[in-house]
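Please look over the sequence and the model shown here. A short report on sheets, helices and surface is given below them.

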Amino acid sequence: MHELSIAMSIVDMAREEAELREVVIDAVYLELGLLSGVMADALLFCYEIACSGTVLEGSRLVITQIPVEVYCLSCKAPKTLTSIQWFCCPECGSPTPEVIHGKELQITALEVQDERRTAPVGSA
């Protein structure tokens, strides 16, 4: 299950950023393309395991699934595929081998708490 190694890499990257910026991470936001080869449910499960015993324990992994978008040479426009098994334009039926989106696997944001803040906001 390669999702566990991916989850461990996500946790390592987020942990390094948390230590560098002296913050607590509440959530890690991830874009996951349908062609990435990663199962979202398995990654969510593995993320909890990878976080266990780390500063990220209790944080959430928020996944945005990215559909497969291709460029249709016949329509001369980007099109979203209705099936990842059929790489043909959903409008004209032409083969569409040029993938624009759908392979993503990237952290897009971290939701953090600032640990350095010692006084409530607005107090002197």
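The report below takes the two sheets in turn, with the helices and a surface patch between them.

## Basis

The structure is a predicted model.

## The mixed sheet

One open sheet is formed by 3 strands in the order β2-β1-β6, and its pairing is mixed. The edge positions are taken by β2 (60-66) and β6 (105-114). Each of these has a single partner strand, so one side of each is left without a neighbour in the sheet. From one strand to the next, the twist averages 20°.

Strand β1 spans residues 23-33 and pairs with β2 in the parallel sense, over 7 bridges. As an entry point for inspecting this pairing, take Y29, whose bridge partner in β2 is V62.

## Helices on the mixed sheet

Helix α1 covers residues 2-21 and lies across β1 and β6. The direction of α1 is at about 140° to β1.

Helix α2, made of residues 40-51, lies across β1 and β2. Relative to β2, helix α2 runs at about 165°. Strand β1 is thus named in both placements: α1 lies across β1 and β6, and α2 lies across β1 and β2.

## Nonpolar surface patch

Four side chains, L4, M8, F45 and I49, make a nonpolar surface patch of about 380 Å². Both α1 and α2 contribute, each with at least two residues of the patch.

M8 is a residue of helix α1. Its relative accessible area is 44%. Buried means under 20% and exposed means over 50%, with partly exposed in between, so M8 counts as partly exposed. A patch residue needs over 30% relative accessible area, and the 44% of M8 is consistent with its place in the patch.

## The antiparallel sheet

The other open sheet also has 3 strands, here in the order β4-β3-β5, and its pairing is antiparallel. At its edges stand β4 (77-80) and β5 (98-101). Because β4 and β5 each have a single partner strand, one side of each is left without a neighbour in the sheet. The twist in this sheet averages 40° from one strand to the next.

Strand β3, residues 69-72, is joined to β5 by 3 bridges, and the two run antiparallel. Within this pairing, Y71 has E98 of β5 as its bridge partner.

How values were computed
Residues are numbered from 1 along each chain as its sequence is written. This is a predicted model: local features need pLDDT of at least 70, side-chain atom pairs count only at pLDDT 80 or more; totals for chains, interfaces and linings use all residues. Side-chain values use heavy atoms; hydrogens and water are left out. Two strands pair if DSSP finds at least two bridges between them. Helices (H or I, at least four residues) and strands (E, at least two) are DSSP runs, numbered from the N terminus. Axes are lines fitted to C-alpha atoms, for helices over the stretch in contact, and angles run from 0 to 180 degrees between N-to-C directions. Contact means heavy atoms within 4.5 Å. Patches are made of residues with over 30% relative accessible area and no salt bridge: like charges are joined within 9 Å, nonpolar side chains (Val, Leu, Ile, Met, Phe, Trp, Tyr) within 5 Å. Accessible areas come from the Shrake-Rupley method with a 1.4 Å probe; for residues, only the protein chains shown count as cover. Buried means under 20% relative accessible area, exposed over 50%, partly exposed in between (1.4 Å probe, protein chains only).
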